[in-house]
Amino acid sequence: MAATPRFRKNAVDGSAPEKSTAEGSTAEGSVGKHPVDEKLPPLRMFTSGLQHVAAMYAGVVAPPMIVGPAVGLSAKETAFLMGASLFTAGIATLLQTLGFWRIGARLPFVNGVSFAGVTPMIAIGKDRGHDGIAVIFGAIIVAGLLGFVLAPYFCKLVRFFPPVVTGTVITLIGVSLLPVAFNWSQGGNATAADYGSMTNITMAAVTLLIVLALRKLLRGFLQQIAILLGLVIGTLIAIPAGITDFGALGDADVVGFPTPFHFGAPQFEVAAIISMCIVMLVCMTESTADMLALGKIVGRPADERTIEGGLRADTLGSAISPLFNGFMCSAFAQNIGLVAMTKVRSRFVVASGGVILVLLGLVPVAASVIALVPLPVLGGAGIVLFGSVAASGIQTLATAALEKGENALIVAAAVGVGLIPIAAPDFYHAFPEDLLVVLDSGISTGCVVAIVLNLAFNHWGRTPDADPEAEVPESEQPKDPMAVPVAH
C-alpha cells in the first residue's frame, strides 16, 4: 500500500501558516471594523463601484458577443445575450460580496462571464441557433449544480497553496491578463482595418499616462478613482480622434428585462454536460487562486471556509445564470488588480458595482453609455490593472524563501508551463479538443504544476529530521504578546 503523503505545518518556503484576520479587527491588529467590512459614504461607494464595472464591462460582454453569432443568433439576439450577461454577473457579484448562509466569500470579489467556456460553448452550439443556446444553458445548469456539491471538498485544496504556489499563480494571473490589455490597446478586433493602428496604440498610451499622472498628482478619494477618471478623460480625447462609437447608444432600448428562458427550455445532452463540467472545474481552480490572491491584498487571508463560500457563490451563480439567459460565472482577476491599486478594500463597494451591473442589464441604454469607452482606452488602463496583479504575485514570492530547497525551481517550471498558451498559442494544437479546455489556460496549468512540484520537493519523502525548517522562522514569532484575539 502506498505511503500517505505527510503535510507539515510549515512548508519549506519558510513562511508562517496563514491566519484569517478577525472580522472585528483591522489588518494591523487594532480593534475595530476590518476595511473589507467598511461601508463608505454613498458617493464614494457609487463611484468606486462604477470604476469596477468600467474595468470589467468589456470582459463580461465579450463572450456573448463571440458565442451569439457563432451559434447563429441575430445581432439583436446577441445584444440581448450581452444584457443578460451583465444582469447575471451582477447577481453573482452580490452573492459573492454580501452572501447568505455559507454562500459567498464576503470579499471584494467580482464575478462575471468566464472566458474559459467560450470555445466549448461554440463547439456545442455552432450553427444550431436557439437549440444550440438551449443545450449550452442545460449543460451550464448541471455543471453549476455539480460544482456547488463539490465546493466543500474542493476548498480543502487550500492546504496545497503555500506562498511559493500562490505567488506563482498570482503572477501568472496578471501576466495572462496582459495580452488582453494589449489586444484592447490595438482595437480589440483583429479583423478590423484599424487594428494595431498608430491612433489606437497612441490612445492607449495616452490613457496609460493619464492614469499614472492622476495616481501621482491626486490625493485621497480622487486618487482612488484614478482609473475611472482616466477612462472618462481618455474617452473624451478619443471622440475627436474618431474611435468612439455612438451607434450602440442610439439603437439601445431604454428598458429591458432578460425574460427567463428567452431561447426556450434548457436541453440536456451528455457530451455537452461533460464538456461544461470540465470547464467548471477549471473555473473553480482559477477562482480558488483568485480568492487567495485577493485575501492577501486586502489583509484577510482566505481560509477553507472563505473559499468554500466563494466557490458556492460561483457555482450557484452559474447554475441560476441560464434562467436569465446568462453563461457560466467565475472570478474576474482584473478587478483584483483594481483593489490592489486603489487600496479600497470594502466589499460593499464591489456590491454596489453588482447593483450597477443588474441595473445595466435592466436598462440597456445605460449599458450603452459604459460601452462608449473605446477598447484602446480600456487597454491603456488595463496595462496598469493587470500589471498590478502580477506585482502582487511577485510580492508574495518575495516571502516564499526562494533560496531554500527547490522553491526557485518550482517557480521556474510553473511559470514556464503557464506561459506556454500566451507565448505560443498553438502549442497544443495537436491535442484532443477536450484537453484544450485545461491546457489553453495558463493559470490552470501553471497552478497544477506548482502544486505537484511543491508536493514532490517540499512534502513527499521528507522526515522531521530532514526538515530544514526545524527552527521557528522569525515571521512566526508573535508580534504582540499583549494582543487579545477578537472572535470571528
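Start by selecting helix α15: it gives five residues to the lining of the largest cavity, the largest share of any contributor. Keep in mind that you are looking at a predicted model.

**Stop 1: the cavity**

α15 spans 375-397. Now add α8, residues 226-241. These are the elements that each give two or more residues to the cavity lining.

Next, select the lining itself. Pick Leu378, Ala381, Gly382, Leu385 and Phe386. Then add Ile227 and Leu231. Finish with Ala55 and Trp184.

How large is the space they line? The volume of the largest cavity is about 30 Å³. The structure holds one cavity of 30 Å³ or more.

Colour the lining by residue type. How many of its residues are nonpolar, polar and charged? Eight are nonpolar, one is polar and none is charged.

**Stop 2: the largest nonpolar core**

Move on to the largest nonpolar core, which has 104 residues. Select Ile136, Met276 and Phe327. Within this core, these three touch the most other members. Then show helix α10, residues 270-298. Helix α10 supplies 14 residues, the largest share of this core.

Zoom in on Ile136. Which residues does Ile136 touch, leaving aside those up to four places away in sequence? Select Val67 and Val71, then Met121, Ile124 and Gly125. Add Phe327 to complete the set of contacts.

**Stop 3: the second core**

Last, select Leu40, Met45, Phe348 and Val349. They are among the five residues of a second core, separate from the one at the previous stop.

How values were computed. Residues numbered from 1 in each chain as written. Predicted model: local features only at pLDDT ≥ 70, side-chain atom pairs only at ≥ 80, totals over all residues. Heavy atoms only, no water. 1 Å grid on protein atoms, 1.4 Å probe; cavity = no way out; pocket = protein on both sides within 12 Å on 5 of 7 lines; lining within 4 Å. Points joined across faces, edges and corners; volume = space filled by probe spheres on them. Helix = DSSP H or I, 4+ residues; strand = E, 2+ residues; numbered from the N terminus. Nonpolar A, V, L, I, M, F, W, Y, C, P; charged D, E, K, R; others polar. Core = buried A, V, L, I, M, F, W, Y, C linked by side-chain atoms within 4.5 Å. Buried < 20%, exposed > 50% of the residue type's maximum accessible area, 1.4 Å probe, protein only. Contact = heavy atoms within 4.5 Å.
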